[in-house]
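Q: I've got a model open and I'd like to learn how to read the way its helices pack. Can you walk me through it?

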Amino acid sequence: MKLSLRITVFVLGAALLFYGWRKGHNEAIPSQNPGSTNAISSSEVVVVVGGFVLLAAFLPSSETLGRWMSLKRRKRPQTAHFKRRRQKG
């Protein structure tokens, strides 16, 4: 069940990415009006959303995240805050 869901999310993201890329590749960039080149086209949004959906297939499960978050790092031993003085003898 989990694997099939991950594969479905991956395929959906890849399809969105491919569709947006193909749609954006066929669009002409308006070079007459330079102010409109800053606008984001819908195909660019579809490509970005498809990329995020594609990456979402690789997110770890909530159980794995819980295990990772519960791991404690080892603390390094603290260095001495004082210096020993040699006794003259």
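Q: In which crossing, left-handed or right-handed, does helix 1 pass helix 2?
A: Keep in mind that this is a predicted model. Here, helix 1 passes helix 2 in a left-handed crossing.

Q: How do people describe a pair of helices like that?
A: Two packed helices are described by the angle between their axes and the distance between the axes. In this case, the axes of helix 1 (residues 2-26) and helix 2 (residues 42-56) come within 7 Å and cross at roughly 160 degrees. Angles over 145 degrees count as roughly antiparallel, and helix 1 and helix 2 are therefore roughly antiparallel to each other.

Q: Which residues of helix 1 and helix 2 make the contact?
A: On helix 1, look for residues including Val9, Phe10, Leu16, Leu17, Trp21 and Lys23. Helix 2 brings, among them, Ser42, Val46, Val47, Val53 and Leu54. Glycines take part too, including Gly13 and Gly20 of helix 1 and Gly50 and Gly51 of helix 2.

Q: How many residues of each class does that contact have?
A: Sorting them by class gives 14 nonpolar, seven polar and one charged for the contact of helix 1 with helix 2.

Q: Zooming out, how many helices and strands does the protein have?
A: There are three helices and zero strands, so reading from the N terminus you get α-α-α.

Q: What share of the residues is buried?
A: Of the 89 residues in the protein, 9% are buried. As for the accessible surface, the total is about 8900 Å², and carbon and sulfur atoms hold 63% of that.

Key. Residues are numbered from 1 along each chain as its sequence is written. This is a predicted model: local features need pLDDT of at least 70, side-chain atom pairs count only at pLDDT 80 or more; totals for chains, interfaces and linings use all residues. Side-chain values use heavy atoms; hydrogens and water are left out. Axes are lines fitted to C-alpha atoms, for helices over the stretch in contact, and angles run from 0 to 180 degrees between N-to-C directions. Helices (H or I, at least four residues) and strands (E, at least two) are DSSP runs, numbered from the N terminus. Angles under 35 degrees count as roughly parallel, over 145 as roughly antiparallel, 65 to 115 as roughly perpendicular and the rest as oblique. A crossing is left-handed if the near helix is turned anticlockwise from the far one by less than a right angle, and right-handed if clockwise. Contact means heavy atoms within 4.5 Å. Ala, Val, Leu, Ile, Met, Phe, Trp, Tyr, Cys and Pro count as nonpolar, Asp, Glu, Lys and Arg as charged, and the others, Gly among them, as polar. Buried means under 20% relative accessible area, exposed over 50%, partly exposed in between (1.4 Å probe, protein chains only). Accessible areas come from the Shrake-Rupley method with a 1.4 Å probe; for residues, only the protein chains shown count as cover.
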